[in-house]
Amino acid sequence: MTAMLQISDLRTSFLQAKEKLTVIEGVSLSVAPGETVGVVGESGCGKSVTSLSVMQLLGRNVQLEGSIRFQGKELLSLTDKQMEAIRGNQIAMIFQEPMTSLNPLHTIGKQISEPLRRHMGMNRQQAKERTIQLLKEVGIPRAEDIINDYPHQLSGGMRQRVMIAMAMACTPKLLIADEPTTALDVTIQAQILELMKKVRDEHGTSILLITHDLGVVAEMCHRVIVMYAGQIVEEADVKQLFDEPKHPYTRGLLGSMPSLNTNQERLDAIPGAVPLLQEMPKGCRFAPRCSEAMEICREKNPELLSISNTQTCRCWLYREEDAK
């Protein structure tokens, strides 16, 4: 089966004056049709930059190298105009903060109907009717009235639903969701996740879910990719990742989650912080924070190695011979 999204050896660099800062280094991942793949890691690990690289929404002073293929088509070779035809139509994105992503000067109805008129060729009345239908599908009451409201008149949960309605307007093949439930309370969060599952199951939509919430990952994802300092450090099926995490960073993330099964007074925490781009360590990028670091870890960055058919790990604890 052809992957809906296939990223190969992606390098994303920001060009500043005479300096080139590489934020994403050698990232490769795929999302199959109807599959949900989670990308997890702390803030600053490169999750959002990876998703914005796919959408090509990082501005002018950015260099993208490698390959990003969508339904077999190379996105990095497309012109801005060709990319605009795909963005919001075949690939849609739910942004982390709807208040900064929705235009405060336009009504909700106008913002949802725009892609319908632009990509689907609907007239004003058809777009209005479809917009009301979309708002009802995402559980917004009084949809006929809400279309005339502005973003600041809605609650955070309502705005996030509007973002999902807008993303789903053209029934995209791929939905990229960047922390879609971060600012929401748990009841609204559960409703949003159910809504995304419904969209996936009814339309066969592929989802790339960017999050730091491992509870959301457990509920939503088929596979999980763990990122650290711009690189993938582990990839596995969701059950395998929770049952048998291999990388010390993944184990640290899971250890910092509260559990109903253990009587812990204090949660474990990973010491230190994600390194700055200008201060990237020489060897393994996680070595300065790792309790299992060896001499080689401080000298050489390990390759991403297949541990099994469904799990890869970037760590010197696992050598080629062990994997075999």
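How many residues of strand 10 (residues 231-237) are buried? Select strand 10 to find out. Six of its seven residues are buried, so strand 10 is largely enclosed by the rest of the structure. Buried means under 20% relative accessible area, exposed means over 50%, and partly exposed lies in between (1.4 Å probe, protein chains only). Strands (E, at least two residues) and helices (H or I, at least four) are DSSP runs, numbered from the N terminus.

This is a predicted model: local features need pLDDT of at least 70, side-chain atom pairs count only at pLDDT 80 or more, and totals for chains, interfaces and linings use all residues. Residues are numbered from 1 along each chain as its sequence is written, and side-chain values use heavy atoms, with hydrogens and water left out.

**Stop 1: the partners of strand 10**

Add strand 9 (residues 223-228). Strand 9 and strand 10 pair antiparallel over six bridges; two strands pair if DSSP finds at least two bridges between them. Pick Val-224: its bridge partner in strand 10 is Ala-236. Now go to the hairpin of these strands, which has two residues between them. There, Ala-229 takes a positive phi near 50°.

Next, select strand 12 (residues 311-313). Three bridges join strand 10 to strand 12, and the two run antiparallel. Glu-234 stands opposite Cys-313 in strand 12.

**Stop 2: an aromatic cluster**

Show the side chains of Tyr-228, Tyr-249 and Phe-286, which form one aromatic cluster. Rings of Phe, Tyr and Trp (its six-membered ring) pair if their centres lie within 6.5 Å; planes under 30 degrees apart count as stacked, over 60 as edge-to-face and the rest as tilted.

The ring centres of Tyr-228 and Phe-286 are 5.2 Å apart and their planes meet at 80°, so this pair is edge-to-face. Tyr-228 sits in strand 9, and Phe-286 in the loop between helix 11 (248-255) and strand 11 (305-308), 58 residues apart.

Tyr-249 and Phe-286 are also edge-to-face: 5.2 Å centre to centre, 65° between the planes. Tyr-249 lies in helix 11 and Phe-286 in the loop after it, so the pair ties together parts 37 residues apart in sequence.

Are these two residues buried or exposed? Tyr-249 is buried, at 0% relative accessible area. Phe-286 counts as buried at 4%.

**Stop 3: an open sheet**

Move to the four strands that form an open sheet in the order 2-1-4-5, with antiparallel pairing. Strand 2 (19-31) and strand 5 (73-74) are the edges, each pairing on one side only. Two bridges join strand 4 (residues 62-70) to strand 5. Finish at Phe-70, whose bridge partner in strand 5 is Lys-73.
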